[in-house]
Each structure stands twice: as structure tokens, then as C-alpha cells.
Amino acid sequence: MPGVPVPPAVVTEIQRQFNHELSAAHAYTALATWCAERNLKGFARFFHKQAGEEREHAQRFMDHLLDRGVMPELAAIPAPRTAFKSVLEAVQHARSMEQLNTAGIHQAYEAALAAKDYPAQVAIQWFISEQVEEEAWCDELVARVEAANCAGGMSSLDRHLEKILNAKSHDGGAED
Ligand code: FEO
């Protein structure tokens, strides 16, 4: 079924954004791997969870296009950054990715507004709220890592992250 037509400018933006979400998933997997190699199991698990969420975000955009009769076009995913000087640099990288993602979502929303595409506006509003949360946790994580300025502080932050994720998974959240 063709569904409610999508203006071409909005198709372009949604295609760009869901491919960006997939590259963010790849980048989070790289961050998780970097942390796992350093025995930071809490951080690794946390970044794996984020990778899963990014894939869900991409799927949500793709489903929106499919529901409206547009075939989503998957693009090549660039190689992610794999080297970091410190945990602080790793979490700062996560934060800058989220800031970039917020800008991309806003750009897609602008296109939906300009084209008077009401269904896309409603769909993208979910992402706008989601980015407020995503940026808030990034800011918190960077601040916590900055505060954990010794090896002991970092490993207790790592255990703290694991504890939070365990509690969440018992609440029915994502498992690793
Ligand atoms: Fe798809 Fe981290 O936002």
C-alpha cells in the first residue's frame, strides 16, 4: 500500500538521519569494545546498550518510510573511531556524537515543517524528546568521569554503571 505520501525533501532527510543512527550504533559498538579491552565492563555494557538503542532509532525511521510507501535506502557505514587517550576522551566522543545527532534530528524536523508534512513532524517529535534525555546522560557521564580522577574512582564508577544497568534489566530493560 502506498500510504500517506512523503515530500521528497523529507525523504532525503529521513534517509540521511536513519543512516546516521546506524553509524552511531557502529560507533557505540567501537566505544564498548575499547572499554571491554580495558576491563571496564560497566562502561562496555552501557555503550552496547546505546548501540542497540541507535539501531532501534534507525528502525523507527525506516518503519515510518515503509508505512508511507517509501523504500529505505541503506548507505555504507563509515569506520568508527576506535582509539581514545582516556575514558574521559571516550565519553566526550559519545557526547559530541549525540550533539551531532540532535542537530541532524532538528534538521529533519525543519524539512518536515517546511514541507507541511504533519505525520513526519509527529514522528520526529519523539526523537526531539529522546535527544534531550540522551544529551542529559552524556553530560552526566562526562561530569562523573571528570570527578573520578583516580583509578579507584574510575573502577567504582564502572561498577556503579553495571549496577544501574543490572537494575534496569531486571525492570524489563535491554539485556546485553
Ligand atoms: Fe539515536 Fe543517541 O540518539
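## Lys49 in helix 2

Lys49 is buried in this predicted model, with a relative accessible area of 18%. Buried here means under 20%, so Lys49 at 18% falls inside that class. You will find Lys49 in helix 2, which covers residues 41–67. The side chain of Lys49 makes a polar contact of 3.3 Å with the side chain of Gln50.

## Helix 2 against helix 4

Gln50 also takes part in the packing of helix 2 on helix 4. How do we describe such a pair? Two packed helices are characterised by the angle between their axes and by the distance between those axes. For helix 2 and helix 4, the angle is about 170 degrees and the axes are 11 Å apart. Helix 2 is therefore roughly antiparallel to helix 4.

On the helix 2 side, the contact includes Phe43, Phe46, Glu54, His57 and Phe61. Helix 4 contributes residues including Trp126, Phe127, Glu134, Trp137 and Leu141. Sorted by class, this contact has twelve nonpolar, three polar and five charged residues.

## The annotated binding site

Where does UniProt place the feature "binding site"? The unreviewed entry puts it at Glu21, Glu54, His57, Glu98 and Gln131. These positions span 111 residues in sequence, yet no two of their C-alpha atoms are more than 12.8 Å apart, so they gather at one spot. Glu54 and His57 are also among the helix 2 residues in the contact with helix 4.

## A closer look at Glu98 and Gln131

Glu98 sits in helix 3, residues 87–114, and counts as buried at 1% relative accessibility. Beyond its neighbours within four places in sequence, Glu98 is in contact with Tyr28, Glu54, Gln131, Glu134, Glu135, Trp137 and Cys138. Two of these partners, Glu54 and Gln131, are themselves annotated binding-site positions.

Gln131 belongs to helix 4, residues 118–147. Is Gln131 buried or exposed? At 3% relative accessibility, Gln131 counts as buried. Outside its neighbours within four places in sequence, Gln131 is in contact with Glu98, Asn101, Thr102 and Ile105.

## Gln17 in helix 1

Gln17 is part of helix 1, which runs over residues 8–37. With a relative accessible area of 0%, Gln17 is buried. Leaving out neighbours within four places in sequence, Gln17 is in contact with Phe61, Asn101, Gly104 and Ile105. Asn101 and Ile105 also appear among the contacts of Gln131, while Phe61 is one of the helix 2 residues in the contact with helix 4.

Conventions:
Residues are numbered from 1 along each chain as its sequence is written. This is a predicted model: local features need pLDDT of at least 70, side-chain atom pairs count only at pLDDT 80 or more; totals for chains, interfaces and linings use all residues. Side-chain values use heavy atoms; hydrogens and water are left out. UniProt positions are given in the numbering used here, feature names are shortened, and annotations may be inferred rather than shown by experiment. Helices (H or I, at least four residues) and strands (E, at least two) are DSSP runs, numbered from the N terminus. Buried means under 20% relative accessible area, exposed over 50%, partly exposed in between (1.4 Å probe, protein chains only). Contact means heavy atoms within 4.5 Å. A polar contact is a pair of N or O atoms within 3.5 Å; within protein, one must be able to donate a hydrogen and the other to accept it, and residues adjacent in sequence count only if both atoms are side-chain atoms. Axes are lines fitted to C-alpha atoms, for helices over the stretch in contact, and angles run from 0 to 180 degrees between N-to-C directions. Angles under 35 degrees count as roughly parallel, over 145 as roughly antiparallel, 65 to 115 as roughly perpendicular and the rest as oblique. Ala, Val, Leu, Ile, Met, Phe, Trp, Tyr, Cys and Pro count as nonpolar, Asp, Glu, Lys and Arg as charged, and the others, Gly among them, as polar.
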